[in-house]
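Got your viewer open? Here is a walk through one model, stop by stop, with what to select and what you should find there.

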Amino acid sequence: MAIGPYPATRFRRTKQGDALRRLVLETSLGVDDLIWPVFLRDGTDDETPVPSMPGVSRLTVDRVVSAARDAADLGIPAICLFPYIDTSFKTELCEEAWNPDNLSNRATRAIKDAVPEIAVMTDVALDPYNINGHDGIVRDGRIVNDESVEALVRMAVAQADAGADILGPSDMMDGRIGAMRAALEDAGHTDTCILSYAAKYASAFYGPFRDAVGASGLLVGDKKTYQMDPGNGDEALRLVQRDLSEGADMVMVKPGIAYLDICRRVKDRFGAPTFAYQVSGEYAMIKAAAQNGWIDGDRVMMESLAAFKRAGCDGILTYFAMDAARALS
Ligand code: PBG
């Protein structure tokens with residue numbers, strides 16, 4: 001990379017006005033890059049605000065259908081569903097997770113019926129259904145891998161049956177992508193995409209999400225025996241390689257802003273469709289500072305989303321999706 005000496009090179013030449021700045025802009029965010037995560041609850045024509053996520057509510061199925069309509073009208077390509085499950089449905093074996101008529105599957109069907117053009121992504125993990133709050137089945141205080149994978153496979157097939165376009169396994173059990181892919185092929189769901197949460201860290205940034213899905217009070221211990229240590233980077237590449245080889249179509253890094261180095265390494269190494277999840281705690285921090293008047297919330301939102309594009313991401317799961325789409329239109 002040759003750079004002439006001053007004054008042959010003046011970096012300020014291309015910064016003089018909006019036209020020149022737009023011409024030399026290297027990456028930019030578009031509405032096509034956005035996946036909107038939403039929370040579901042039971043009932044009709046109602047919603048419950050999530051206190052730790054200002055502007056975010058749990059929506060009843062009819063309201064999530066209208067939300068999906070609005071999102072599609074703004075050009076957002078995908079919506080991602082997370083159910084808030086009443087404690088009475090939570091068990092040690094998480095059977096509600098593969099009930100064909102559970103909240104998530106009912107919402108998927110309703111959205112695909114009314115707004116077929118938006119892609120529906122679902123969450124494959126047991127935590128909303130687990131009396132222990134863990135993503136896998138707990139036996140004698142341990143999260144058992146292979147039995148959890150069997151449950152996750154049932155859950156994945158039920159979600160594909162309901163019409164989900166993209167399955168998002170967020171559980172971090174070993175072998176789940178291969179097992180799900182085989183079961184989907186067997187069930188005739190040859191076109192269901194898997195967006196694997198491949199490099200998912202054991203992060204304190206998930207706090208508000210656990211409130212939103214009602215898992216905070218229940219979680220016994222932590223998720224460090226399956227989610228990644230924040231100090232690790234090479235391991236993320238091995239996980240991504242593993243999940244791609246088992247049949248993932250797209251991969252995710254999570255959380256987002258604190259892990260942009262991982263996004264860049266994953267994109268450079270594999271060239272696969274790469275996504276980042278700007279998680280609940282990241283959203284909450286920006287919202288809280290903005291509410292205090294300490295930062296310009298709209299500008300920080302757009303700047304944080306642009307950073308994912310610069311880091312090589314093809315798209316971002318973000319609670320800001322609707323606000324960002326409006327700002328872009
Ligand atoms: C759990 C799951 C989590 C998130 C998505 N799926 C939390 C966790 O692993 O405890 C976090 C999303 C967010 O914080 O916005 N399966």
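Start by selecting helices α4 and α5: α4 passes α5 in a right-handed crossing. Keep in mind on the way round that this is a predicted model.

**The α4/α5 pair**

Stay with these two helices, residues 145-162 for α4 and 176-186 for α5. Their axes are 9 Å apart and the packing angle is about 45 degrees, which makes α4 oblique to α5. Now show side chains. On the α4 side, pick Val149, Leu152, Val153, Ala156, Val157 and Ala160; on the α5 side, pick Arg176, Ala179, Met180, Ala183 and Leu184. Colour them by class and you get 10 nonpolar residues, 1 charged and no polar ones.

**Zoom in on leucine 152**

Keep α4 on screen and centre on leucine 152, which sits in that helix. Is it buried or exposed? Leucine 152 is buried, because its relative accessibility is 0% and the cut-off for buried is under 20%. Leave out residues within four places in sequence, and the contacts of leucine 152 are Val124, Ala125, Leu126, Asp135, Asp171, Met173, Arg176 and Met180. Two of these, Arg176 and Met180, belong to the α5 side of the helix contact you just looked at. If you like a distance label, draw one from the C-alpha of leucine 152 to the C-alpha of arginine 181: it should read 11 Å, for a pair 29 residues apart in sequence.

**Into the loop before α5**

Next, select methionine 172, in the loop between β8 (166-169) and α5. Check its backbone: phi is near 70 degrees, a positive value in a residue that is not glycine. Methionine 172 is also buried, at 7% relative accessible area.

**Threonine 122 and its polar partner**

Move to strand β5, residues 119-124, and pick threonine 122. Its relative accessible area is 0%, so this threonine is buried. What does its side chain make a polar contact with? Select glutamine 159: the two side chains meet at 2.8 Å. For the rest of the surroundings, beyond four places in sequence, threonine 122 touches Leu81, Ser104, Thr108, Gln159, Ala164, Ile166, Leu167 and Gly168.

**The α2/α3 pair**

Now bring up α2 (residues 61-73) and α3 (residues 103-114). Here the axes come within 9 Å and cross at roughly 40 degrees, which makes α2 oblique to α3. The crossing is right-handed. From α2, show Val61, Val64, Val65, Ala68 and Arg69; from α3, show Leu103, Arg106, Ala107, Ala110, Ile111 and Ala114. The tally by class is 9 nonpolar, 2 charged and no polar residues.

Before leaving α3, step back into the loop between β4 (78-83) and that helix, and select cysteine 94. Cysteine 94 has a positive phi, about 60 degrees, though it is not a glycine. It is buried too, with a relative accessible area of 0%.

**The α7/α8 pair**

Select residues 234-246 (α7) and 260-270 (α8). These helices pack at about 45 degrees with axes 10 Å apart, which makes α7 oblique to α8. Once again you are looking at a right-handed crossing, α7 over α8. Asp234, Ala236, Leu237, Val240, Gln241 and Leu244 make the contact from α7, and Ile262, Arg265, Val266, Arg269 and Phe270 make it from α8. Sorted by class, that is 7 nonpolar, 1 polar and 3 charged residues.

**Two cis prolines**

While you are around α8, find proline 255 in the loop between β10 (250-254) and that helix. The peptide bond leading into it from lysine 254 is cis, with omega near -5 degrees. Then jump to proline 7, in the segment before α1 (18-24). The bond from tyrosine 6 to proline 7 is cis as well, with omega near 10 degrees.

**Last stop: serine 280**

Finish in helix α9, residues 280-291, by selecting serine 280. Serine 280 is buried, at 1% relative accessible area. Which backbone oxygen lies 3.3 Å from a polar atom of its side chain? That oxygen belongs to phenylalanine 205. Expand the selection and, setting aside residues up to four places away, you pick up Met53, Phe205, Tyr206, Gly207, Pro208, Phe209 and Tyr319 as the contacts of serine 280.

Terms used: Residues are numbered from 1 along each chain as its sequence is written. This is a predicted model: local features need pLDDT of at least 70, side-chain atom pairs count only at pLDDT 80 or more; totals for chains, interfaces and linings use all residues. Side-chain values use heavy atoms; hydrogens and water are left out. Axes are lines fitted to C-alpha atoms, for helices over the stretch in contact, and angles run from 0 to 180 degrees between N-to-C directions. Helices (H or I, at least four residues) and strands (E, at least two) are DSSP runs, numbered from the N terminus. Angles under 35 degrees count as roughly parallel, over 145 as roughly antiparallel, 65 to 115 as roughly perpendicular and the rest as oblique. A crossing is left-handed if the near helix is turned anticlockwise from the far one by less than a right angle, and right-handed if clockwise. Contact means heavy atoms within 4.5 Å. Ala, Val, Leu, Ile, Met, Phe, Trp, Tyr, Cys and Pro count as nonpolar, Asp, Glu, Lys and Arg as charged, and the others, Gly among them, as polar. Buried means under 20% relative accessible area, exposed over 50%, partly exposed in between (1.4 Å probe, protein chains only). A polar contact is a pair of N or O atoms within 3.5 Å; within protein, one must be able to donate a hydrogen and the other to accept it, and residues adjacent in sequence count only if both atoms are side-chain atoms.
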